[in-house]
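Notebook open, coffee poured. I want to go through this one residue by residue and jot down what turns up.

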Amino acid sequence: MSAIYRIRIDSRQCQGHAHCLTFLPETVDFDDEGYAYVPEAESRRAEMTDALRQAVANCPERAFQVVEE
Ligand code: SF4
């Protein structure tokens with residue numbers, strides 16, 4: 001069985017820097033207050049891509065996370 005990678009953004013930690021948007025422009029969205037979120041339909045991936053790794057590595061608040069399910 002292959003792994004599924006789920007993207008999570010911790011809304012308590014996100015500060016809206018938008019670095020994540022640089023790497024995943026078609027995945028990350030922002031709410032009315034300027035905090036990032038990932039729509040449910042975009043949150044699961046079949047593989048851990050470089051863009052996902054970069055988004056995780058470049059989030060200053062450690063809010064952008066990818067967990068293996
Ligand atoms: S880089 Fe991190 S803190 Fe900034 S908007 Fe993205 S998830 Fe939020």
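Is alanine 57 buried or exposed? I looked it up: alanine 57 has 54% relative accessibility, so it counts as exposed. My cut-offs are under 20% relative accessible area for buried, over 50% for exposed and partly exposed in between, with a 1.4 Å probe and protein chains only.

Ground rules before I go on. I am working on a predicted model, where local features need pLDDT of at least 70 and side-chain atom pairs count only at pLDDT 80 or more, while totals for chains, interfaces and linings use all residues. Residues are numbered from 1 along each chain as its sequence is written, and side-chain values use heavy atoms, with hydrogens and water left out.

**Entry: alanine 57 and cysteine 59**

I placed alanine 57 in helix α2. Helices (H or I, at least four residues) and strands (E, at least two) are DSSP runs, numbered from the N terminus. From alanine 57 I checked the distance to cysteine 20: 9.2 Å from C-alpha to C-alpha, with their positions 37 residues apart in sequence.

Cysteine 59 sits in the loop between α2 and β5. Cysteine 59 has 12% relative accessibility and therefore goes down as buried. I also paired it with arginine 44: they are 15 residues apart in sequence, and their C-alpha atoms are 19 Å apart in space.

**Entry: salt bridges**

I count a salt bridge when a side-chain nitrogen of Lys or Arg is within 4 Å of a carboxyl oxygen of Asp or Glu. The structure has six of them. As background, side chains of opposite charge can pair when their charged atoms come close.

Which residues does arginine 6 link up with in a network of salt bridges? I found Arg6, Glu40, Arg44 and Glu69 joined in one.

First I took arginine 6 with glutamate 40, whose closest N and O atoms are 3.6 Å apart. Arginine 6 is in strand β1 and glutamate 40 in the loop between β3 and β4 (44-45), so this pair ties together parts that are 34 residues apart in sequence. Then I took arginine 6 with glutamate 69, where the closest N and O atoms are 2.8 Å apart. That pair links distant parts of the chain too, since glutamate 69 lies in the segment after β5, 63 residues from arginine 6 in strand β1.

On accessibility, arginine 6 is buried at 16% relative accessible area. Glutamate 40 is exposed at 57%, and glutamate 69 is partly exposed at 47%.

**Entry: aspartate 10 and arginine 12**

I moved on to the loop between β1 (5-9) and α1 (19-23), where aspartate 10 is found. What does the side chain of aspartate 10 reach? I got the backbone nitrogen of arginine 12, at 2.9 Å. For a polar contact I need a pair of N or O atoms within 3.5 Å; within protein, one must be able to donate a hydrogen and the other to accept it, and residues adjacent in sequence count only if both atoms are side-chain atoms.

Arginine 12 also forms a salt bridge with aspartate 10, with closest N and O atoms 3.1 Å apart. Aspartate 10 is buried, its relative accessible area being 13%, whereas arginine 12 is exposed at 73%.

**Entry: positive phi**

Most residues other than glycine have a negative phi. I noted alanine 18, with a positive phi near 75°. Alanine 18 is in the loop between β1 and α1 and is partly exposed at 24% relative accessibility.

Arginine 62 also has a positive phi, about 60°, although it is not a glycine. I located arginine 62 in the loop between α2 (50-57) and β5 (64-68), and it is exposed at 56% relative accessible area.

**Entry: valine 28 and glutamate 33**

Valine 28 has its place in the loop between α1 and β2. At 6% relative accessibility, I put valine 28 down as buried. Its C-alpha is 7.6 Å from that of proline 39, which is 11 residues away along the chain.

Last lookup: glutamate 33, in the loop between β2 (29-30) and β3 (36-37). Glutamate 33 is exposed at 66% relative accessible area.
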